[in-house]
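Please walk me through this structure, starting from the ligand and moving outward to the rest of the chain.

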Amino acid sequence: MRVSMRKIIHVDMDCFYAAVEMRDNPALQNIPIAIGGSSDRRGVISTCNYPARKFGVRSAMATAYALKLCPDLTVVKGRMDVYANESQKIRKIFADYTDLIEPLSLDEAYLDVTDSQFCGGSATLIAEEIRTRIQQELGLTASAGVAPCKFVAKVASDENKPDGICVITPAELDDFVRRMPLTKIPGVGKVTMQKLQRLGLNTCDDVRSYPFERIQKELGKFGSVLWERAHGIDERELSVSRERKSIGVERTLSDDIHTLDEVKDFLPHLLAKLNERIDNHSKRIGKQVRVRTQGVKLKFNDFQLTTVEHRHSKLEAGYFETLMEEAFERAKGRGIRLVGLHIGLASNHTSLQLPLPFEDNND
Ligand code: TTP
Ligand code: MG
C-alpha cells in the first residue's frame, strides 16, 4: 500500500542539446537543426529540434541519411561541456524540492517527492514549479510526468511533449496502464517487441490476460518484470546517493504580506517545523545533523524568488531573523507570498547543537 502512495516525478528536457543551441543562437531557432557529427566522417545525430523531427530526423540516425530526409538541416557540432553545465543547474533546481533524485542522463531524472512539503505537498504543483523555473532561469523547456511509480512517471513525461505535463493519479493508474502499448515500457526494445508481437501481445491489457507462466517461459526474468508493469506495479525505489545536503521548510501564504514584522511572525512556526524535520532526519541517520549554513527564502507576488544563505554553524533563531531582514530589503514594495527557512548540512559525522528556542509543536 505504501508503495502505491508514492509520488514520483520524471522530468525530461525537450530536445535538450538542440534546445541549448537554439537558446544560445537565435539564428537556429525556427529552422530544422540537429546536433551531431558531420556526414563526411560518418557522423550520427545525437538529437534534433522539433522542426527537424517533422522530416523524420531522429537520434542515432546517420547524419548523411538525416540530410537526405531534410536537405536544409543545419548540423551543429555539440558542446558537451555546456550541456553538462546546464544539467548541473537543472539538478540544483530539483534539489530545492527533494533530496531523492535519480538522474538517468544529463537531461532526465526521477524525483521522489512523497515526503516533500513544498507546494503544499502537491507533486503536480512541484512539477509545474520546476518546469516554470527551468524555463525562467535557464530559457529551456522540460516535460514532466507525475505518477505513483517510476515507469508510469517516465511514460507520462512523454505524453505531452514538448513543454507539457501529464499527471496519472492512483485512481487513473489502472486505466492508463491497461491501454499502454508495450513499446512504451522501458526495457522493451525492438527485439523484445517482435517476440511479444509474435505472441499476439501489443498492449498491457493483452499481457494481463495472457498466462503468466508462458510469458515467463518466453521472456525469462524480464517476463516477470513485464507482468508487473502490465499490472501497474513498479516497486523500485529511486537509486540515489543517500547523503542529504539540506533541510528546508516553507509556507505559501493565502494572502500576500507586506511588512517585515509580518514576515517575522511566521518564523517561530516555521522554525518549529524545521526542528521537527531535523529531528526526524537525525533519527533516520542515527546521529544528530551538523549545520553548515543557514538560509531563508522569500517569494514575491511576481513569483520571483530570493534566497539569502550564509555559513553559520550554530543554529540560531535570531540569525534567521537577520537573514530575513536582508531578504526583505529585496522586496522593494512587492507583496510576499511564500516564506521559507533552510539549513545546509555538513557532510561529516560529529554531532552538534539543537534544540532551539521558539519551541512550538502544535503543527
Ligand atoms: P532524449 O531525452 O532522448 O532526447 P531529447 O531531449 O533530445 O528530445 P526529447 O524532447 O524527445 O526528450 O535525450 C537527451 C539528450 O541525450 C539529447 O538531447 C542528446 C542525447 N542523446 C544522444 O546523444 N544520443 C541518443 O541516441 C539519444 C537518444 C540522446
Ligand atoms: Mg529529453
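In sorting residues by character, Ala, Val, Leu, Ile, Met, Phe, Trp, Tyr, Cys and Pro count as nonpolar, Asp, Glu, Lys and Arg as charged, and the others, Gly among them, as polar. On that basis, the shell around ligand 1 is made up of 6 nonpolar, 3 polar and 5 charged residues. The model is a predicted one.

The ligand has 14 residues around it, and those that come nearest are C15, T47, Y50, R53 and D107. Several parts of the fold contribute to this shell: β1 (8-13), α1 (16-24), β3 (45-48) and α2 (50-53) each supply at least two of its residues.

Three of the nearest residues can be followed down to single atoms. In the side chain of T47, an N or O atom is 2.5 Å from an oxygen atom of ligand 1. With C15 the backbone is involved: one of its N or O atoms lies 2.7 Å from an oxygen atom of the ligand. D107 uses its side chain, where an N or O atom is 2.9 Å from an oxygen atom of ligand 1. Taken alone, ligand 1 exposes 550 Å², and the protein buries 69% of that area. The site that holds ligand 1 is the second largest pocket.

Away from the ligand, consider the charged pairs. The count of salt bridges comes to 28. One of them is formed by R131 and E128, whose closest N and O atoms are 2.9 Å apart. Both residues belong to helix α5 (residues 123-138), where they are 3 residues apart, about one turn of the helix.

Two details of the backbone remain, and each is found in a loop. C119 has a positive phi of about 50° although it is not a glycine. This residue is placed in the loop between β6 (108-112) and α5. Further along, the peptide bond that joins K161 and P162 is cis, with omega about -10°. P162 itself lies in the loop that runs between α6 (150-159) and β8 (165-167).

Technical notes. Residues are numbered from 1 along each chain as its sequence is written. Chains are lettered from A and ligands numbered from 1 in the order in which they are written. This is a predicted model: local features need pLDDT of at least 70, side-chain atom pairs count only at pLDDT 80 or more; totals for chains, interfaces and linings use all residues. Side-chain values use heavy atoms; hydrogens and water are left out. A residue is near a molecule or strand if one of its heavy atoms lies within 4 Å of it. A polar contact is a pair of N or O atoms within 3.5 Å; within protein, one must be able to donate a hydrogen and the other to accept it, and residues adjacent in sequence count only if both atoms are side-chain atoms. Accessible areas come from the Shrake-Rupley method with a 1.4 Å probe; for residues, only the protein chains shown count as cover. On a 1 Å grid over the protein atoms alone, a cavity is a set of points where a 1.4 Å probe fits but cannot get out, and a pocket is an open set with protein on both sides within 12 Å along at least five of seven lines; lining residues have an atom within 4 Å of a point. A molecule sits in a cavity or pocket if more than half of its atoms lie within 2 Å of its grid points. Helices (H or I, at least four residues) and strands (E, at least two) are DSSP runs, numbered from the N terminus. A salt bridge is a side-chain nitrogen of Lys or Arg within 4 Å of a carboxyl oxygen of Asp or Glu.
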